[in-house]
Amino acid sequence: MDLRTILLVEDNQDDELLTLDALRNGGVTNPVTVVRDGAKALDYLFAQGSFAGRDASRQPCVILLDLKLPGIGGMEVLRRIKTDDRTRRIPAVVLTTSSEHEDIHNCYGNGANSYVRKPVEFDRFLEAVRYLGLYWTLVNERAS
Amino acid sequence: MLRSVHFERSAAARYIGAAAAVLAALGIRLALDEVLSRHSPYLVFVLAIIVAARFGGRGPALSATALSVLAAWYFVVEPRRSFAIADPGALAGLAWFAVVGSLVSLLVGRLRRALLDSVRREEFIRHLFESMEEGFALLETIHDAAGKPCDFRYLAVNPAFGRLTGREVEAVVGRRVREVFPDIEPFWIEAYNRVVKTGVAERIGGYRAGLGKFLEASARRSGPGQLAAVVRDVTARHKAEEEIRTLNATLERRVEERTAQLLDANRELEAFSYSVSHDLRAPLRSVDGFARILLRDYPGKPLDEIGAGYLNRMSAASQRMGQLIADLLELARISRLELSPRTVDLSAMALWVLDDLRNRDLDRTVDIRIQPGLAARADERMLRVALTNLFGNAWKFTGKTAAPSIAFGAAPADAAESAGRGAPAAAAESAGRDAPVYFVRDNGAGFDMANAQKLFAPFQRFHAEEEFEGTGIGLATVQRIVRRHGGRIWAESQPGLGATFYFTLGGD
């Protein structure tokens, strides 16, 4: 089976490692592409800039998006991918430590498919990511 | 009122005067006996009574009448030098004279009283006229050839009017208003015309540019074609009102500014607490996460390279958290610190800060240019923190530049504005026209101007952690320092071409 990519947008290397560890431990075997900021994420998704050569027809099966990013923030990335026909069908999951009501509200308002707080306790984080990984990559019927 | 007393002679003088007049009349009567005896035996006495009444009043006149009757009886009526009467007709004549004399006394006495009253009244009015604080002018309408009222003539003005208008009273009376005050605003004449025409009194106020005063005139018609105006100088009142208005406006503006500042502070605080909760959790998550991985993957096993890497990450996360807390404390300290401004040698401070950076990173060669002789009134400790942050950034973000250079200097406000374009220009303007604009320029990594508005918010980072480390609090701290000095900070940059940070330190 040709497993599709998971796009992880995360600038914090520790969080990246922990997320990858959680995905692997949760049994998710999909390849993961990591980009470090919002601009790179948009470049990847729209196959532009440093990702100009990428095959844009092969979009990731899910985007794991940190809200707190240098430069273009996660919220702005979310808004742009959810207002563009080329990318708005890709499931986007917001991963952040934030628990502000406004953030949650804005994320759903901008078309986030799921919102998961990165809990400080690793077990809960693992559980959340595992659930997400299984759900989005294995269980959910992809819209295509 | 007091001055009219002069006209009122003492009672004794008036009675003595009356007696003297009668004596004089008697003398004249006896001297001109031949002429007067036949036709007007008492005429001279009547004149004496009139004189007594005119100058002495009713009482002395009646006394003079009685005295005259007695004198005439004794000296004039035959037989002379006796009160005996030869001719009964003479007695009737004497009685008639007594009656006429009394009547004349009463009439002339009353006349005198009326005269005195009117003099007294006039005195009173004149005194009032001359001593009143307000200017007073009596005016008369002047008509042009077509019979339309076009001007006024001063019939009378008081000294206060002269003082008020800076003219001699003599130079005003008898002249036309437009002649005395060629620069008078037309609305005065128009209002005066209206008052004369309608008879409705008016209060007219306005600025007399020629005199540099705010005047207020109460004008009322005092007769056909005549006008009486009482003029007051209300400049002081006007100024006070103006001041109150300005004060109110200032107060309103201040309230608005303060409200805006409070809202700003509130927003900042919200963003701040949000960021604190986010950024302080991240290192904790790392520590906890890697600790659990180690527990899971290395139960009773010696650590390999990967495990040691996790430990290193935990250590780094702890240090990062320490740095975050230190930076946060610094930011809080800057906000609390009492500002103690003195003259600071900015050039020397810049040199010191950059030397410190160089000493900590001896491998690097950075071209440093500092404009000499820059001084400003500022809090030295705070400014050192600001420069340390700005130069620290410049040092950090030139870390991957081939020929790094950092410059510090001051630019005239308009030059910085024209370079700044748009929002920065407005910032420079609001910081005060004369305030020098300082700049810290580097040729390092730069940033995308699209995100410039986030630059100074705490925890905003423009580069991935792996690229350039930092907590994202430095520029927030710099901004707070600059703002506490009443200044503004803004930046311009192009990714890959470096960044320039401009700041002012308030008005002077």
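The exercises below work through a predicted model, with a solution after each task.

Residues are numbered from 1 along each chain as its sequence is written, and chains are lettered from A and ligands numbered from 1 in the order in which they are written. Because the model is predicted, local features need pLDDT of at least 70 and side-chain atom pairs count only at pLDDT 80 or more, while totals for chains, interfaces and linings use all residues.

**Exercise 1. Describe the make-up of chain A.**

Step 1. Helices (H or I, at least four residues) and strands (E, at least two) are DSSP runs, numbered from the N terminus. Chain A has 5 helices and 5 strands.

Step 2. Along the sequence they follow the pattern β-α-β-α-β-α-β-α-β-α.

Step 3. A residue is buried if 20 or more other C-beta atoms lie within 10 Å of its own, exposed if 12 or fewer, and partly exposed in between, with C-beta atoms placed from the backbone. Of the 144 residues in chain A, 42% are buried.

Step 4. Two residues are in contact if their C-beta atoms, placed from the backbone, lie within 7 Å. Taking contacts in chain A between residues at least 6 apart in sequence, 67% join residues at least 24 apart.

**Exercise 2. Compare the end-to-end spans of helix 4 and helix 5 of chain B with the expected values, and state what their buried residues pack against.**

Step 1. The expected span is 1.5 Å times one less than the number of residues. For helix 4 of chain B, with 19 residues, this gives 27 Å; the end C-alpha atoms are 25 Å apart, which agrees.

Step 2. Helix 5 of chain B (residues 88-131) has 44 residues and reaches 63 Å from first C-alpha to last, close to the expected 64 Å.

Step 3. The buried residues of helix 5 of chain B are F97(B), G101(B), V104(B), S105(B), V108(B) and G109(B). They pack against helix 3 (43-56) and helix 4 (58-76) of chain B.

Step 4. Buried residues of helix 4 of chain B include P60(B), A64(B), L67(B) and V76(B). Their cover includes helix 1, helix 3 and helix 5 of chain B.

**Exercise 3. Classify two helix pairs by angle and handedness.**

Step 1. Axes are lines fitted to C-alpha atoms, for helices over the stretch in contact, and angles run from 0 to 180 degrees between N-to-C directions. The axes of helix 1 (residues 11-31) and helix 4 of chain B come within 9 Å and cross at roughly 30°.

Step 2. Angles under 35 degrees count as roughly parallel, over 145 as roughly antiparallel, 65 to 115 as roughly perpendicular and the rest as oblique. Helix 1 and helix 4 of chain B are therefore roughly parallel to each other.

Step 3. A crossing is left-handed if the near helix is turned anticlockwise from the far one by less than a right angle, and right-handed if clockwise. Helix 1 of chain B passes helix 4 of chain B in a right-handed crossing.

Step 4. The second pair spans both chains: the axes of helix 1 of chain A (residues 13-25) and helix 10 of chain B come within 9 Å and cross at roughly 40°. They are therefore oblique to each other, and the crossing is left-handed.

Step 5. In this pair, D14(A), D15(A), L18(A) and D21(A) meet A282(B), R285(B), S286(B), G289(B) and I293(B). G289(B) is buried, with 28 other C-beta atoms within 10 Å.

**Exercise 4. Lay out the mixed sheet of chain B and place strand 9 in it.**

Step 1. Two strands pair if DSSP finds at least two bridges between them. In this open sheet, 5 strands stand in the order 7-9-10-12-11, with mixed pairing.

Step 2. Strand 7 and strand 11 (489-494) of chain B are at the edges, each with a single partner strand, so one side of each lacks a neighbour in the sheet. The twist averages 15° from one strand to the next.

Step 3. Strand 7 (residues 367-370) and strand 9 of chain B run parallel, joined by 4 bridges, and I368(B) has I406(B) as its bridge partner. Strand 9 pairs with strand 10 (residues 437-442) of chain B in the antiparallel sense over 6 bridges.

Step 4. In a regular strand the side chains alternate between the two faces of the sheet. In strand 9 of chain B (residues 405-411), I406(B), F408(B) and A410(B) point to one face and are buried, while S405(B), A407(B), G409(B) and A411(B) point to the other and are not.
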